[in-house]
Amino acid sequence: MAFFENLGNKMQETGERLADQARNQSYANQIERDIKMMIEKKEQDFCEIGKRVYQAKKDNQVEEPDLSVLIKEIDLIEEDLKNATRQRDNYMGVVRCKNCGTVLPSSQPFCSQCGSSLNNQ
């Protein structure tokens, strides 16, 4: 009887661990999707800026097109991207070297690429 009880407990523990892993992976996937959507939106905004500048030059417009709204939007996306990337990195237990950008385990004190200290990052 104890054998089946232990077996049931092990199966329950394994099921709970797998459910936790699935939730964690789902969360990580959502962050990645958000980052990809932000990057796509930023690229669309850059394309729109290019189209407006091209059209203004093509039409021999004296005044530059007003790009302030798009520029502000890109700035906001950049800030959101930094936050989402930081959130993803924290979740995954990694840091990025501020000097060279290498992704490293958060427990590592120095960058293995450039030797910079990773403390206070």
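## Two helices and their salt bridges

Asp89 has a relative accessible area of 7%, and because a residue under 20% counts as buried, Asp89 is a buried residue. The model described here is a predicted one, and the values given for it should be read with that in mind.

**The salt bridges**

Although Asp89 is buried, its side chain meets that of Arg96 in a salt bridge, with 2.7 Å from N to O. Arg96, the partner in this pair, is partly exposed, with a relative accessible area of 32%. The structure holds 8 salt bridges, and three of the pairs are set out in the table below, with the N to O distance for each.

| Salt bridge | Distance, N to O |
|---|---|
| Asp89 and Arg96 | 2.7 Å |
| Arg52 and Glu48 | 3.0 Å |
| Arg88 and Glu32 | 3.1 Å |

The side chains of Arg88 and Glu32 meet in a salt bridge at 3.1 Å. Arg88 belongs to helix H2 and Glu32 to helix H1, so this pair ties together parts of the chain that are 56 residues apart in sequence. Arg88 counts as buried, at 12% relative accessibility, whereas Glu32, at 29% relative accessibility, counts as partly exposed. Glu32, Arg88, Asp89 and Arg96 are also linked in a network of salt bridges, in which the pair of Asp89 and Arg96 is found together with the pair of Arg88 and Glu32.

The salt bridge between Arg52 and Glu48 has a setting of its own, for both residues lie in helix H1, 4 residues apart, which is about one turn of the helix. Both are partly exposed: Arg52 has a relative accessible area of 35%, and Glu48 has one of 28%.

**How the helices are arranged**

Helix H1 covers residues 2-58, and helix H2 covers residues 68-92. The two helices pack at an angle of about 160°, with their axes 10 Å apart. Because an angle over 145 degrees counts as roughly antiparallel, H1 is described as roughly antiparallel to H2. The crossing of H1 and H2 is left-handed.

**The loop between H1 and H2**

Asn60 is found in the loop between H1 and H2, and it is exposed, with a relative accessible area of 65%. The phi angle of Asn60 is near 55°, a positive value in a residue other than glycine. To see why this value is worth a note, it helps to recall that most residues other than glycine have a negative phi.

Glu63 also lies in the loop between H1 and H2, and at 65% relative accessibility it counts as exposed. The C-alpha atoms of Glu63 and Asp20 are separated by 57 Å, and these two residues are 43 residues apart along the chain.

**A nonpolar patch on the surface**

Phe3, Phe4, Leu7 and Met11 form a nonpolar patch on the surface, and together these four residues have about 470 Å² of accessible area. Phe3, one of the residues in the patch, lies in helix H1. Its relative accessible area is 56%, and because a value over 50% counts as exposed, Phe3 is an exposed residue. Phe3 can thus be set beside Asp89, where this report began: Phe3 is exposed, whereas Asp89 is buried.

Methods
Residues numbered from 1 in each chain as written. Predicted model: local features only at pLDDT ≥ 70, side-chain atom pairs only at ≥ 80, totals over all residues. Heavy atoms only, no water. Patch = residues over 30% accessible without salt bridge, like charges linked within 9 Å, V, L, I, M, F, W, Y side chains within 5 Å. Areas by Shrake-Rupley, 256 points an atom, 1.4 Å probe, with all protein chains shown as cover. Buried < 20%, exposed > 50% of the residue type's maximum accessible area, 1.4 Å probe, protein only. Axes fitted to C-alpha atoms, helices over the stretch in contact; angles between N-to-C directions. Parallel < 35°, antiparallel > 145°, perpendicular 65-115°, else oblique. Left-handed = near helix turned anticlockwise from the far one by under 90°.
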